[in-house]
Amino acid sequence: MIIGIDIGSTTTKAVAVSGGSVVHRIKTRASDALSSAAGALGKMLVENDIKMTGIERIMITGAGASKIKNELFGIPTGMTGEINCIGRGGIFLAGRDNIIITNIGTGTVIIDAQKDRISHLGGSGVGGGTILGLAKKLLSISDFNGIMELAARGRLKAVDLLLEDIMETDLSFLKGEASASNFGKMLDSARNEDIALGLLNMVYQVIGTLSVFAARSRNTDRIIVTGKGSGNPIGKRVLGEITDLYHVHFEYPQDAEYTTAIGAALSWEPVYV
Ligand SMILES: Nc1ncnc2c1ncn2[C@@H]1O[C@H](COP(=O)(O)OP(=O)(O)OP(=O)(O)O)[C@@H](O)[C@H]1O
Ligand SMILES: [Mg+2]
């Protein structure tokens, strides 16, 4: 059994891979990288009744990976780059290679994953962390469920300047309800619900549009969406609207939140930390 640990900038994810399948998954969060990695491993072992001797090796990746300088508990421990892991994990979850992956975590990264070459196309600091940070200041809310509950009752036209506010006709392929300027209207009567929806809409519109340009640069019309942000229902709706406009389709594989950890478990670079 191989353990892949992804010490993300917000959350640490770990998976156990055995016989080519993901057999266990856990999530944890600690204030430093070593506690995150050790905690993830401990939680994986205890929750799933796994013996230490059953673990062949541990592969660590993610923002905090470089902070792990020693083998964990005497088990061969390696480190591998996050871009490579997202690519490998994305190929595994999509069940095919030659794909573009948009990983929505705290920030967003877009990757071209070919069978023998994983390349980093770019990305944006706009991601899940942006929603949470702005919601904290603008709405005094610090949890995602609270943001989602508010946004479900939001009206975009109270915060966004829509095309129909400024034009009587369509603008090429954009209809009147398209956002001409995110938060560009902001009515005095805008409620927290409207702001919450505006935030989600802005973040997923940015991510969706960047993804479209990335897909087009590689002559494809499909994007595999991974990371925690891939499971957001309002985000998926916004990406669906992007599909209607640009005809680029977004796919949401199962276990998408664990993509990077899965990619780590599937990688083996003989570089011990
Ligand atoms: N329902 C949700 N929809 C969208 N984003 C969410 C949701 N719940 C949590 N988040 C955000 O997801 C982020 C964590 O996602 P994930 O675990 O994929 O990122 P990470 O690996 O820690 O970060 P990164 O990959 O950018 O280093 C946090 O910023 C959190 O605010
Ligand atoms: Mg991540």
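Me: What makes the approach of the K13 side chain to ligand 1 a polar contact?

Reply: An oxygen atom of ligand 1 is 2.7 Å from an N or O atom in the side chain of K13, and since a polar contact is a pair of N or O atoms within 3.5 Å, this pair qualifies. The side chain of S9, with an N or O atom 2.5 Å from an oxygen atom of ligand 1, and the backbone of G107, with an N or O atom 3.1 Å from one, also satisfy that limit. The protein covers 88% of the 650 Å² of accessible area (Shrake-Rupley, 1.4 Å probe) that ligand 1 has on its own.

This is a predicted model, in which local features need pLDDT of at least 70 and side-chain atom pairs count only at pLDDT 80 or more, while totals for chains, interfaces and linings use all residues. Residues are numbered from 1 along each chain as written, chains are lettered from A and ligands numbered from 1 in written order, and side-chain values use heavy atoms, without hydrogens and water.

Me: How do you know that β4 and β5 pair?

Reply: Pairing requires at least two bridges found by DSSP, and 3 bridges join β4 (residues 57–61) to β5, the two running parallel, so the requirement is met. Within this pair, I60 stands opposite M79 in β5.

Me: Why is one side of β3 and of β5 left without a neighbour in the sheet?

Reply: The open sheet has 5 strands (DSSP runs of E, at least two residues) in the order β3-β2-β1-β4-β5, with mixed pairing. Because β3 (21–28) and β5 (77–79) stand at its edges, each has a single partner strand.

Key:
Helix = DSSP H or I, 4+ residues; strand = E, 2+ residues; numbered from the N terminus. Polar contact = N/O pair within 3.5 Å; in protein donor to acceptor, adjacent residues only side chain to side chain.
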